Amino acid sequence: MGYEKKKILCLILFLVIFPVLVNYIPAISNYLEVMIFAGIFCLVTIGLSLLMGYAGQISLGHAAFLGIGAYSSGILTTKFGLSPWLGILAGVALSSAIAVVVGIPSLKLKGHYLAMATLGFGEIVFIVFNEEVDLTGGPSGFADIPYLHIGSFEFTSELTYYILVWSVVLIGLFFALNLIHSRVGRAWKAIHGNELAAEAMGVPTSKYKLKIFVLSSIYASIAGSLYTHYICFLNPSSFDLFWSIKFVMMVIVGGMNSVWGAIIGTVLLTYLGNEWLTAFKHFDVLVYGFILLLITMFLPGGIVSLPEILKSKRTITR
Amino acid sequence: MEPLLETTGITKHFGGIQALNDITFKVRPGQIKAIIGPNGAGKTTLFNCISGVLKADKGDIKLNGQSITGFPPHKRAQAGISRTFQNVAIFPEMTVLENVLVGRHCRSRCEMLQAGFRTRSMRNEEREIVEKAWNFLEFVGLENQTEKRAGELPLGDQRLLEIARALATEPKIVLLDEPAGGLNTKETERLAELIHQIRDSGITVLLVEHDMNLVMDISDEILVINFGERLAEGNPKSIKSNPDVINAYLGEDIDYSDL
């Protein structure tokens with residue numbers, strides 16, 4: 001792990017200090033919980049950043065995979081008494097199977113058409129969550145979902161869940177960074193750069209596009225299961241189109257060309273959504289739109305590109 | 001000698017336009033062979049059919065006696081056909097080194113799980129990939145620019161990079177689509193030398209080129225096509241004096257003695 005060691009260490013350091021800070025500053029006492037959600041969403045956006053930023057394929061349906069993971073482990077544990085860990089695995093299996101079925105035809109599409117196809121897929125899943133009342137509880141959802149546990153130890157407190165979620169995020173980040181610096185990651189970048197040339201250089205492009213689509217669905221599915229076993233209650237509203245768009249936005253605001261961008265964007269927007277924009281109530285959508293507008297106009301590389309831009313500005317003025 | 005590449009009756013239509021009609025030709029191993037013809041003759045279409053970017057309507061393509069007609073492009077690369085593109089198709093956002101690393105894709109194996117957990121076999125393979133890529137960058141003379149974004153290179157270097165990337169796939173035959181396009185005289189001289197070196201390293205070269213001096217200078221054999229039809233084939237000397245070629249391609253009133 002020669003590369004990006006510093007950044008990883010910084011992140012781990014921050015994650016260790018953060019709960020201590022929260023503990024001592026009463027004004028931000030609820031920030032730890034927000035950070036748990038941020039971590040869960042980070043898992044989704046790390047996968048999405050690989051899909052969008054590296055392989056160049058857009059998805060406006062990733063909230064559906066979050067939902068599939070959430071409902072799989074929610075239903076299996078609550079109604080069939082399965083262990084939550086097995087529930088997570090079942091969610092992963094189901095998500096990847098669905099990703100294969102959806103991905104094979106839709107990944108032949110490009111640009112807006114792919115966006116429309118994945119958007120349609122997300123809507124279908126959302127409708128299923130609402131209408132399959134016997135299984136999903138319909139629009140009102142269902143409750144009493146068990147906590148995650150190891151032996152008799154239950155992940156119920158904020159701090160333990162914070163540790164659990166961010167450990168998973170770190171593993172996910174590790175995996176993603178390793179992939180990026182491998183032939184697999186380079187194949188994705190090549191597809192993004194020039195699909196025809198990638199194919200002519202021996203990259204089986206359709207197979208690789210499907211692989212990243214499935215992988216990103218697995219990230220989202222695990223995130224969904226972690227979400228379920230934290231709030232212990234499920235209804236479809238967390239998995240609608242708005243959330244799919246929000247995930248894409250997190251990736252773009254942070255910076256598409258780097259998984260670090262996904263993490264920064266996700267943490268920032270989660271705090272905006274859960275804390276700082278609550279005063280706007282339903283008008284927060286407007287604020288999101290405005291932020292997206294500003295970023296795409298003035299900072300197309302996202303927040304992570306800021307230091308580089310400042311650096312190059314400084315050298316120019318000199 | 002057994003041909004390395006052999007096409008029989010390649011035919012390709014685009015709607016009502018006949019781009020290629022019944023093209024049959026062979027490339028022997030170790031040759032430098034050029035395909036020439038006026039603009040729109042179907043040279044690039046022929047290249048696309050051989051590399052698999054386009055599917056021919058009819059005809060058969062054999063590499064080393066094995067039919068590869070049904071292969072998608074990535075399998076043809078694996079089988080030993082590599083190429084460059086007329087309009088330079090590098091990966092602009094990747095570094096020069098990374099571009100060539102992509103060329104090693106079909107000669108390496110490790111999959112997602114090994115890569116994601118960075119297993120020992122993956123690290124060993126990665127080291128080998130990078131080492132080999134450096135060799136090809138040195139071969140074309142780009143070893144001092146490896147960390148630059150490929151899109152920032154001048155056109156001449158981009159063409160060299162494309163050649164390095166194509167060679168990195170360890171092809172049996174490399175197809176160069178107008179490699180001298182946009183190059184100045186000096187760069188073209190270097191290119192000629194490079195093409196000879198490629199052949200000397202045991203790789204067969206098939207090229208499409210408009211620069212007649214270059215073609216006549218380096219080719220062992222030339223295939224001339226016109227309006228999608230095979231017009232003539234032979235060594236540079238016989239092509240220069242072939243009346244059909246002169247009529248169709250070079251024009252009638254030029255003195256060819258100094259070509």
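This note walks through selected features of the predicted model, chain B before chain A.

1. **Ground rules.** In this predicted model, local features need pLDDT of at least 70 and side-chain atom pairs count only at pLDDT 80 or more, while totals for chains, interfaces and linings use all residues. Residues are numbered from 1 along each chain as its sequence is written, and chains are lettered from A and ligands numbered from 1 in the order in which they are written.

2. **Chain B overall.** Chain B has 10 helices and 10 strands. Both are DSSP runs, numbered from the N terminus: helices are H or I with at least four residues, strands are E with at least two. The C-alpha atoms fill a box of roughly 65 × 40 × 35 Å along the principal axes. The radius of gyration of chain B is 19 Å, which agrees with the value near 18 Å for a compact globule of 259 residues. That radius is taken over C-alpha atoms, and the globule rule is 2.2 Å times the number of residues to the power 0.38.

3. **Burial and contacts in chain B.** Of its 259 residues, 43% count as buried. A residue is buried if 20 or more other C-beta atoms lie within 10 Å of its own, exposed if 12 or fewer, and partly exposed in between; C-beta atoms are placed from the backbone. Of the contacts with a separation of 6 or more, 67% join residues 24 or more positions apart. Contact means C-beta atoms, placed from the backbone, within 7 Å.

4. **Helix H5 of chain B.** H5(B) covers residues 120–140. Its 21 residues should span 30 Å, and its end C-alpha atoms are 31 Å apart, which agrees. The expected span is 1.5 Å times one less than the number of residues. Its buried residues are B:Met122, B:Glu125, B:Ile129, B:Ala133, B:Phe136, B:Leu137 and B:Val140. They fall within an arc of 115° seen down the axis, so they line one face. The arc is that of the directions from the helix axis to the C-beta atoms. The face turned away carries exposed residues, including B:Arg120 and B:Glu138. Just after H5(B), B:Gly141 takes a positive phi of about 85°.

5. **What covers that face.** The cover includes H8 of chain A, together with H3, H4, H6 and H7 of chain B. H8(A) and H3(B) pack at about 105°, axes 10 Å apart. That makes them roughly perpendicular, a label for 65 to 115 degrees. Axes are lines fitted to C-alpha atoms, for helices over the stretch in contact, and angles run from 0 to 180 degrees between N-to-C directions. A:Arg186, A:Ala187 and A:Ala190 meet B:Glu98, B:Leu101 and B:Val102 there.

6. **Two residues to look at.** B:Arg118 lies in the loop between H4 and H5 of chain B. B:Arg118 is partly exposed, with 19 other C-beta atoms within 10 Å. Beyond four places in sequence, B:Arg118 is in contact with A:Asn178 and B:Arg123. B:Thr188 lies in H7 of chain B and is also partly exposed, with 19 C-beta neighbours inside 10 Å. B:Thr188 touches B:Asp211, among others; their C-alpha atoms are 9.2 Å apart, across 23 residues of sequence.

7. **Chain A helices.** H2(A) and H11(A) come within 9 Å and cross at roughly 70°. They are therefore roughly perpendicular. Residues meeting across the pair include A:Phe41 and A:Leu48 from H2(A), and A:Phe247 and A:Val251 from H11(A). H11 also helps cover the buried residues of H5(A), among them A:Phe121, A:Phe126 and A:Phe129.

How values were computed: Contact = placed C-beta atoms within 7 Å. Parallel < 35°, antiparallel > 145°, perpendicular 65-115°, else oblique.
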